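Please find below a note on the model, set out as numbered points. The domains are treated before the ligand site.

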Amino acid sequence: METIQLNIDKALSSVTKEQVFAYEKEVAESMEKLHKGTGKGNDFLGWLHLPSSITDAHLSEIEAAAKQLRERCEIVVVIGIGGSYLGAKAVIEALSDTFAQIKGNGNNPQVLFAGQNIGEDYLYELQQVLAGKQFGLINISKSGTTTEPAIAFRLLKKQLEAQVGKEEAKHRIIAVTDAARGALRKLADMEGYKTFVIPDNVGGRFSVLTPVGLLPIAVAGFDIRSLVSGAASMEQLCGAEVPFEKNPAAIYAATRNALYKIGQKIEILVNFNPKLHFFAEWWKQLYGESEGKDHKGIFPASVDFTTDLHSMGQWIQDGERSIFETVLSVNKMKYNVTIPTDEDNLDGLNFLAGKRVDQVNKMAELGTQIAHVDGGVPNLRIEMPEITEKYLGELIYFFEKACGISGYLLGVNPFDQPGVEAYKKNMFALLEKPGYEEETKAIKAKL
Ligand SMILES: O=P(O)(O)OC[C@H]1O[C@](O)(CO)[C@@H](O)[C@@H]1O
C-alpha cells in the first residue's frame, strides 16, 4: 500500500547518518514521554490517538451537520484563527479546484473564511459578498474569547439574522468550542445552536482532526473518513513500537534537531504545487507555536516553488547558510496538460512540445534540489503519491507526531504557547479594556 515517504539522503552531506542516529535514545525517551504522558504539557496529548479513536457515530454526526448547512447555504463562512482556521483551510485549498470561487463548485457551497485577521476592508467586502446570499456560519474558537473571530462573528451573526430572521439563523450557525467553558459555549447554549466540542486535551494547532477541521472540510464536500483513515494509518506507522530507523516521525524529528545543532536554524517547507500553500501555513503554526520558546527553536518558513525561485531563490541559493529545506513533493497530478508545438518557436520551447507540464515541474524540482544541496542547503524530501484526503491525513499526523517528539528533543513544552499573550495584553491595554487600567497607564508611558 502506498504511503507518504520521507527521504533524508540529501541532508546527509551536512549531518552524518551517525549524527542523526545519535538521537535514537533521546527520541525513544521523547516517544515514551508522549505515550506515557510523563512530559511537559501532558494534559494536551489528546491528538496522539485521535485518528484511531474517532468513532463512526462521531463522523456521521459531523456529516449530518455538514449536510444541513450544505442544503441551506450557497456560502458557508468558517470563522476562526490559528489552529481554529489553518487545518481546514489547508485541506480545503489542497483538495479544491483552484478557481472554484469563479467557476462555482458543483453542488458544494463556497467555503469562505473570516476571523483570521482584523482587516476592516476584508470584513466589509465579505459582508457585501454575503448580502442577499443564502449563507451560514461555523464559528470555531476553543477559548471562545479570541478577539479576531469574536469581532467577525458579531458582524456576520447580525447580518445573517437581518437577512433570514433569528429563527432560521439558528439552523445556519454551528459553534465548535469547549464542552463547558467560554463565551462561545455560553452564547451557543443560550441561542440553541448546534455545537461540536473541541476536547480539552487537544490544543488548537493539533485540532484539525476534531470537528474544528472535519466539519468545514465535510461542508466543502470532501471525504473526512478517508482523511481520518489516512491519519490512522500514519498513527500506526509512527507508533512507539516502530523501530527508530523505520519510523518516519522519529527520523524527521532527529534529522531536523541534528541540523539545528550545527546551526541550520531555519527550516523552509517547500512545495512545487500551489495547492499546498496553506498546508505550509498550517505546518508553520504547528512547529512555530510548539517549538519557538525559551529563546530556542527552528524558525519555520515556507516557499511556493517555482514561483518563489524568482524571488527568494537567490537568498536560498546564496544567502547565509543557516537554512535547510523540507520539500513536499507530489508524484501524480490529477489532470494532464501537454505543451503544444508552435510553428514560429520564438520562445525556443519546441523542445518541450509533447511533454506534460508536470514533467517540466519535476525537472525544476530535481534541478533545484541539486542546486540547493550544492549550495550548502540540506534537503529533506517528503513524497506524497497524490493530493487526496488519505495522503493529507497521513501528512497531518506525521507532522503532528514528529512535532511532539521534536519539541521534547529541544527540551521545551511543545503544547503551550505563552508567548502569544503578549500582543493581546498590549492591544487590550491600548484599547482601554476594562480591567486593564494599570497596563493602559504603563503602555501609554512608552508611546
Ligand atoms: O480557538 P481559539 O481559542 O480562538 O484560539 C485560536 C488560536 O489562538 C491561539 O490560542 C493563540 O494565537 C492559538 O494557539 C490558537 O490556535
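1. The protein chain is assigned two domains, domain 1 (5-40 + 228-417) and domain 2 (50-224), with bounds that come from an automatic or database domain assignment. Their C-alpha centres are 29 Å apart. Contact between them, meaning heavy atoms within 4.5 Å, involves 28 residues of domain 1 and 27 residues of domain 2.

2. The model is predicted: local features need pLDDT of at least 70, side-chain atom pairs count only at pLDDT 80 or more, and totals for chains, interfaces and linings use all residues. Residues are numbered from 1 along each chain as its sequence is written, and side-chain values use heavy atoms, with hydrogens and water left out.

3. Around the ligand there are 13 residues, of which Gly-83, Ser-84, Ser-141, Ser-143 and Thr-146 come nearest; a residue is near if one of its heavy atoms lies within 4 Å of the molecule. Domain 1 and domain 2 each supply at least three residues to this shell.

4. By class, the shell holds two nonpolar, eight polar and three charged residues. Here Ala, Val, Leu, Ile, Met, Phe, Trp, Tyr, Cys and Pro count as nonpolar, Asp, Glu, Lys and Arg as charged, and the others, Gly among them, as polar.

5. Polar contacts are pairs of N or O atoms within 3.5 Å. Oxygen atoms of the ligand are paired with a polar side-chain atom of Ser-84 at 2.6 Å, with a backbone N or O atom of Lys-142 at 2.7 Å, and with a side-chain N or O atom of Gln-285 at 3.1 Å. Of the 390 Å² of accessible area that the ligand has on its own, the protein covers 86% (Shrake-Rupley method, 1.4 Å probe).

Methods: A polar contact is a pair of N or O atoms within 3.5 Å; within protein, one must be able to donate a hydrogen and the other to accept it, and residues adjacent in sequence count only if both atoms are side-chain atoms.
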